Amino acid sequence: MSEKYLWGHNNPFNDYSNFLRNKFNNRVQKLSLNVGFTCPNRDGSRGTGGCTFCNNNTFNPDYCEPGMSITNQLNTGISFFRDRYPEQLYLAYFQAYTNTYGPLDQLEQMYEEALKHPGIVGLVVGTRPDCLPDELIEYFMKLQKDYYVVVELGIESTNEETLKIVNRGHTFEETREAILKLNEAGLPIGGHLIMGLPGESNEVMLSHADVLSGLPLNYLKLHQLQYVKGSALGKKFQSNPDGYRVLDPDEYIEIVIDFLERLNPSIVVERLASQAPYNLLLAPRWGLKNFQVVEIVRKRMLARNTWQGRLFNAY
């Protein structure tokens, strides 16, 4: 392997921050938004109760209150960074629940309020693969002419049985079809994957890398399964903790490295771990910040002289 990897820097994986900096020639920060969406897996359209692992309060920053306007949420978010990074750019991240689940005119109004804010150069819209009507994709295609618009899909697993177990309410085949449809429309696509879901062995987790590597996915987020208060899975864990696998940090980091070795090197890795608020987190309680996990992964990969995609196409 040459001194510079395929992605043009010395990180052993194709990381998101470097990708964005190269794309925009500037530092870029995502600002999370909560605008009060619900989910078809909660209101009875596709299911009830939501995904068993889900409590949206675990990943919304304090400034993400659906009672606040989009403009005010963005103002508050930017205020956290303005002094340290006065020149950086921002992506408005519609994060909580399913952010394409509503009437098109209402969606357009919300997206456009965000895009009118100074410093916002694009959108990242978190959604499900079964909530992407053709007219919305066409609208995103129009926005893409002037802004950077990414559709981020909750994939969670490529295993159909796992998706049933966690009450996801859609199949992986629907995810595959959505990715191909978005790619045909010329839209960048992100994906979210949870490592350690109930019933998944290490080999099943690693097989996700092989499946996703064969799809036109642009970005991928990984994180460990977290058992959190307020989720159905969290309640089951509390009643029978010995019945559920809890990944320790060393075990998880080894799985991540093995996963990255098999992952298509063109896929940008946006995240390697997550950290639910301590007051909501039941397990695992690692005592590590996300950046610390990333740094351990980076150092171990460099020490082993391995990199993202080293075993790509070997399986």
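**A chat about the predicted model**

Student: How exposed is Leu-180?
Tutor: Leu-180 is partly exposed, with a relative accessible area of 41%. That figure falls between the 20% and 50% cut-offs, so neither buried nor exposed would be the right word. Bear in mind that this is a predicted model.

Student: Ok, and which helix is Leu-180 found in?
Tutor: Leu-180 belongs to α6, the helix spanning residues 172-184.

Student: If I skip neighbours within four places in sequence, what is Leu-180 in contact with?
Tutor: Leu-215 and Pro-216. Pro-216 is 36 residues away from Leu-180 along the chain, yet their C-alpha atoms are separated by 7.0 Å.

Student: Switching to the sheet. What's the strand order?
Tutor: β1-β2-β3-β4-β5-β6-β8, an open sheet of seven strands with parallel pairing. At the edges sit β1 (28-33) and β8 (268-271), each paired on one side only. From one strand to the next, the twist averages 25°.

Student: How many bridges join β1 to β2?
Tutor: Six, and the two strands run parallel, with β2 covering residues 89-94. For instance, Ser-32 has Tyr-93 in β2 as its bridge partner.

Student: And which strands does helix α2 touch?
Tutor: Helix α2 (residues 70-81) packs on the sheet and touches β1, β2 and β3 (120-127). The direction of α2 makes about 140° with that of β1.

Student: Any charges over rings? Where does Lys-30 lie?
Tutor: Over the face of Tyr-93, at 3.9 Å from the ring centre. Arg-27 does something like that with Tyr-85, lying over its face at 3.7 Å from the ring centre.

Student: Aromatics next. How many aromatic pairs are there?
Tutor: The count is eleven. One of them joins Tyr-139 and Phe-140, with ring centres 6.2 Å apart and planes at 40°.

Student: Why is that pair of Tyr-139 and Phe-140 called tilted?
Tutor: Because a 40° angle between planes is neither under 30 degrees, which would be stacked, nor over 60, which would be edge-to-face. Tyr-139 is buried at 8% relative accessible area, and Phe-140 is buried at 0%. Both also belong to an aromatic cluster with Phe-94 and Tyr-111.

Student: What about Tyr-252 and Trp-286, how far centre to centre?
Tutor: 5.4 Å, with 40° between the planes, so that pair is tilted as well. Tyr-252 lies in helix α9 (residues 249-262) and Trp-286 in the loop between β9 (281-283) and α10 (290-303), so the pair ties together parts 34 residues apart in sequence.

Student: Is Trp-286 buried or exposed?
Tutor: Buried, with a relative accessible area of 18%; the cut-off is 20%, so Trp-286 falls under it. Tyr-252 is buried too, at 0%.

Student: Last topic, packing. Which residues have the most contacts inside the largest nonpolar core?
Tutor: Phe-94, Phe-140 and Val-297, in a core of 64 residues. Helix α9 gives the most to this core, with seven residues.

Student: What does Val-297 touch?
Tutor: Leaving out residues up to four places away in sequence, Val-297 touches Phe-13, Ile-253, Val-256, Ile-257, Leu-260 and Leu-272.

Student: And how many residues are in the other core?
Tutor: Eleven, including Cys-51, Leu-197, Leu-233 and Phe-237, and this core lies apart from the largest one.

Note on methods. Residues are numbered from 1 along each chain as its sequence is written. This is a predicted model: local features need pLDDT of at least 70, side-chain atom pairs count only at pLDDT 80 or more; totals for chains, interfaces and linings use all residues. Side-chain values use heavy atoms; hydrogens and water are left out. Two strands pair if DSSP finds at least two bridges between them. Helices (H or I, at least four residues) and strands (E, at least two) are DSSP runs, numbered from the N terminus. Axes are lines fitted to C-alpha atoms, for helices over the stretch in contact, and angles run from 0 to 180 degrees between N-to-C directions. Contact means heavy atoms within 4.5 Å. Rings of Phe, Tyr and Trp (its six-membered ring) pair if their centres lie within 6.5 Å; planes under 30 degrees apart count as stacked, over 60 as edge-to-face and the rest as tilted. Buried means under 20% relative accessible area, exposed over 50%, partly exposed in between (1.4 Å probe, protein chains only). A charge sits over a ring if NZ of Lys or CZ of Arg is within 6 Å of the ring centre and within 35 degrees of the ring normal. A nonpolar core is a set of buried Ala, Val, Leu, Ile, Met, Phe, Trp, Tyr and Cys residues joined through side-chain atoms within 4.5 Å.
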